[in-house]
Amino acid sequence: MRIVAISDVHEQENLIDKLPTGDLLVSAGDETFNGGMGPFKVFVDWFASQSHKHKILVGGNHSLNLANYNREASINMV
């Protein structure tokens, strides 16, 4: 199994040309700057569009939407 890991994207996913191929893609937190729902949705759509068969998204200290009142909406978005 080939695992590809990313972290600290901070709303810059559009600057990532192409991720290495693999079976599992892990995002290890900080996909946004402050957990805003709009930027989180953009990241989730980008993350879902990647070719890896399996994906895991782990919240980080900037993933405030996963820790506060937007938690349920954020989880359902993924």
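## Starting at F43

Let's begin with F43, which is buried, with a relative accessible area of 0%. Keep in mind that this is a predicted model. F43 shares helix α1 with F47, four residues along, or about one turn of the helix. Those two rings make a stacked aromatic pair, with 5.5 Å from centre to centre and 20 degrees between the planes. Both of these phenylalanines, F43 and F47, are buried.

## A trio of rings

How many aromatic pairs turn up in a search of the whole structure? There are two. Besides the stacked pair of F43 and F47, there is a tilted one made by F43 and W46, where the centres are 5.6 Å apart and the planes meet at 45 degrees. F43 and W46 sit three residues apart in helix α1, so about one helical turn separates them.

Is W46 buried or exposed? W46 has a relative accessible area of 14%, and because buried means under 20%, W46 counts as buried. Put the ring pairs together and F43, W46 and F47 become a cluster.

## The nonpolar core

The same three residues, F43, W46 and F47, also belong to the largest nonpolar core, which has eight residues. The other members are V4, I6, V9, L19 and L25. Two elements, β1 (3-6) and α1 (37-48), each give two or more residues to this core. Helix α1 gives the most, with three.

V4 is a good core member to click on. Leaving out residues up to four places away in sequence, V4 touches P20, T21, G22, L24, L25, V26 and H52. Among these, L25 is also part of the core.

## S27 and I56

Now move to strand β2, which spans residues 24-28 and holds S27. S27 has 1% relative accessibility, so it counts as buried. With neighbours within four places in sequence set aside, S27 is in contact with I6, F43, F47, I56, L57 and V58. That list includes F43 and F47, the two rings of the stacked pair.

I56, another of the contacts of S27, lies in strand β3 (residues 54-58). Its relative accessibility is 41%, which means I56 counts as partly exposed. Not counting residues up to four places away, I56 touches L24, L25, V26, S27 and F47. Take V26 from that list: I56 and V26 are 30 residues apart in sequence, yet their C-alpha atoms are 4.8 Å apart in space.

Notes
Residues are numbered from 1 along each chain as its sequence is written. This is a predicted model: local features need pLDDT of at least 70, side-chain atom pairs count only at pLDDT 80 or more; totals for chains, interfaces and linings use all residues. Side-chain values use heavy atoms; hydrogens and water are left out. Buried means under 20% relative accessible area, exposed over 50%, partly exposed in between (1.4 Å probe, protein chains only). Contact means heavy atoms within 4.5 Å. A nonpolar core is a set of buried Ala, Val, Leu, Ile, Met, Phe, Trp, Tyr and Cys residues joined through side-chain atoms within 4.5 Å. Rings of Phe, Tyr and Trp (its six-membered ring) pair if their centres lie within 6.5 Å; planes under 30 degrees apart count as stacked, over 60 as edge-to-face and the rest as tilted.
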